[in-house]
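User: I should like to go through this protein model step by step. Please reason briefly before giving each result.

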Amino acid sequence: MLSRLFTQGTEERAISFQSLFAAGDAFQFTTNSGTVVTQEDSLKIGTVYACVRLIADSISTLPVDTYIRVDGDRRPYRPRPEWVDMPEIGVSRTDHFQQVLVSLLVDGNAFVRIVRDDEGIVGLIVLNPYHVTIHRDGIGRIYYRVHDEILNPDEMLHIVDLRKPGYLRGESRIDLLKEQLGLAAALEEFAARFFGNGSTTQGIIEFPPIVTGK
């Protein structure tokens with residue numbers, strides 16, 4: 001099975017956890033605080049990073065198994081497919097699911113390409129959400145475009161965080177909360193500059209010798 005994965009000439013390698021949102025083509029939003037907030041920059045805010053890391057690390061380490069329902073009863077499916085324990089070549093199971101969760105939490109969408117051969121599923125590949133667009137053809141069928149390649153729904157696992165009625169793509173929590181995140185980033189920058197200047201102000205206010213209440 002592993003050899004079949006290596007011979008998938010048209011497959012792209014999955015991106016690392018660190019570079020998942022560092023493609024440089026994220027949408028930028030200027031908030032009322034004057035701070036530009038992107039999905040990549042949001043991870044530089046301590047609270048956002050801590051929350052995303054906690055959720056991704058916790059869920060990605062949970063056990064995963066396969067089951068089949070027989071006469072209404074759920075029973076373990078054996079033998080368990082190899083892609084369950086090793087979804088992707090060169091990426092551990094924990095890292096694979098961590099990337100899925102980071103994409104879901106930050107972008108609101110997780111796109112996982114399903115690699116198949118004549119015997120069934122042989123692997124899963126986490127895609128950069130910035131490189132995936134969703135379309136609907138003339139008769140209402142959904143398809144995905146990854147760069148110049150077209151993928152059908154049976155070739156893509158699309159997990160959505162929050163999707164508005166009529167929308168094909170999920171909403172990003174970062175985009176929805178950009179004003180609050182922009183204020184947090186502005187406060188962090190102000191505090192850093194303030195303490196970087198030795199906790200002193202840049203100017204001096206002078207008053208007359210005698211100050212009256214008039």
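User: Is Ile 55 buried, partly exposed or exposed, and what is its relative accessible area?

Analyst: This is a predicted model, and Ile 55 has its place in helix α3. Buried would require under 20% relative accessible area and exposed over 50%. Ile 55 falls in between and is therefore partly exposed, with a relative accessible area of 33%.

User: Leaving aside neighbours within four places in sequence, which residues are in contact with Ile 55?

Analyst: One pair to consider is Ile 55 and Leu 105, which are 50 residues apart in sequence and 8.8 Å apart in space, C-alpha to C-alpha. Leu 105 is among the buried residues of α5, and Leu 101 is another of the buried residues of that helix. With neighbours within four places left aside, the residues in contact with Ile 55 are Leu 101 and Leu 105.

User: How many of the 15 residues of α5 are buried?

Analyst: Helix α5 covers residues 93-107 and reaches 21 Å from its first C-alpha to its last, close to the 21 Å expected at 1.5 Å a residue. Its buried residues include His 96, Gln 98, Val 100, Leu 104 and Asp 107. The helix is mostly covered, and the number of buried residues is eleven.

User: Which elements do the buried residues of α5 pack against?

Analyst: α5 lies across β5, β6 and β10, running at about 140 degrees to β5. Just after the helix, Gly 108 takes a positive phi of about 85 degrees. The buried residues of α5 pack against these strands and also against helices, the full list being α2, α3, β5, β6, β10 and α6.

User: What is the strand order of the open sheet that contains β5?

Analyst: β5 and β10 pair in the antiparallel sense over five bridges, and Ala 110 stands opposite Ile 159 in β10. The open sheet has three strands with antiparallel pairing, in the order β6-β5-β10. Its edge strands, each pairing on one side only, are β6 and β10. Neighbouring strands of this sheet are turned against each other, direction ignored, by an average of 30 degrees in the other sheet and here by 25 degrees.

User: Which strands are the edge strands of the open sheet with the order β7-β8-β9?

Analyst: The sheet has three strands with antiparallel pairing. Five bridges join β7 (residues 132-136) to β8 (residues 142-146), while three bridges join β8 to β9. Each edge strand pairs on one side only, and the edge strands are β7 and β9.

User: Which residue in β8 is the bridge partner of Ile 134?

Analyst: β7 and β8 run antiparallel, and their hairpin has five residues between the strands, with Gly 140 at a positive phi near 95 degrees. The residue sought in β8 also stands opposite Leu 151 in β9. The bridge partner of Ile 134 is Tyr 144.

User: Is Ser 172 buried or exposed, and at what relative accessibility?

Analyst: Ser 172 lies in the loop between β10 (156-160) and α6 (173-176). Leaving aside its neighbours within four places in sequence, Ser 172 is in contact with Gln 39, Val 106, Asp 107 and Gly 108. The cut-off for buried is under 20% relative accessible area. Ser 172 therefore counts as buried, at a relative accessibility of 3%.

User: At what distance does the side chain of Ser 172 reach the backbone nitrogen of Ile 174?

Analyst: A polar atom of the Ser 172 side chain lies 2.5 Å from the backbone oxygen of Val 106. Val 106 belongs to the buried residues of α5. Towards the backbone nitrogen of Ile 174, the side chain of Ser 172 reaches at 3.1 Å.

User: What percentage of the 214 residues in the protein is buried?

Analyst: The protein has seven helices and ten strands. Among its contacts with a separation of 6 or more, 62% are between residues 24 or more positions apart. The buried residues make up 31%.

User: What is the mean pLDDT of the protein?

Analyst: Over residues 1-12, pLDDT stays under 50, and the model has 22 contacts beyond four places in sequence for them. In the protein, 70% of the residues reach 70 or more. The mean pLDDT is 80.

Methods:
Residues numbered from 1 in each chain as written. Heavy atoms only, no water. Pairing = 2+ DSSP bridges. Helix = DSSP H or I, 4+ residues; strand = E, 2+ residues; numbered from the N terminus. Buried < 20%, exposed > 50% of the residue type's maximum accessible area, 1.4 Å probe, protein only. Polar contact = N/O pair within 3.5 Å; in protein donor to acceptor, adjacent residues only side chain to side chain. Contact = heavy atoms within 4.5 Å. Axes fitted to C-alpha atoms, helices over the stretch in contact; angles between N-to-C directions. pLDDT = per-residue confidence, 0-100. Expected span 1.5 Å × (residues − 1).
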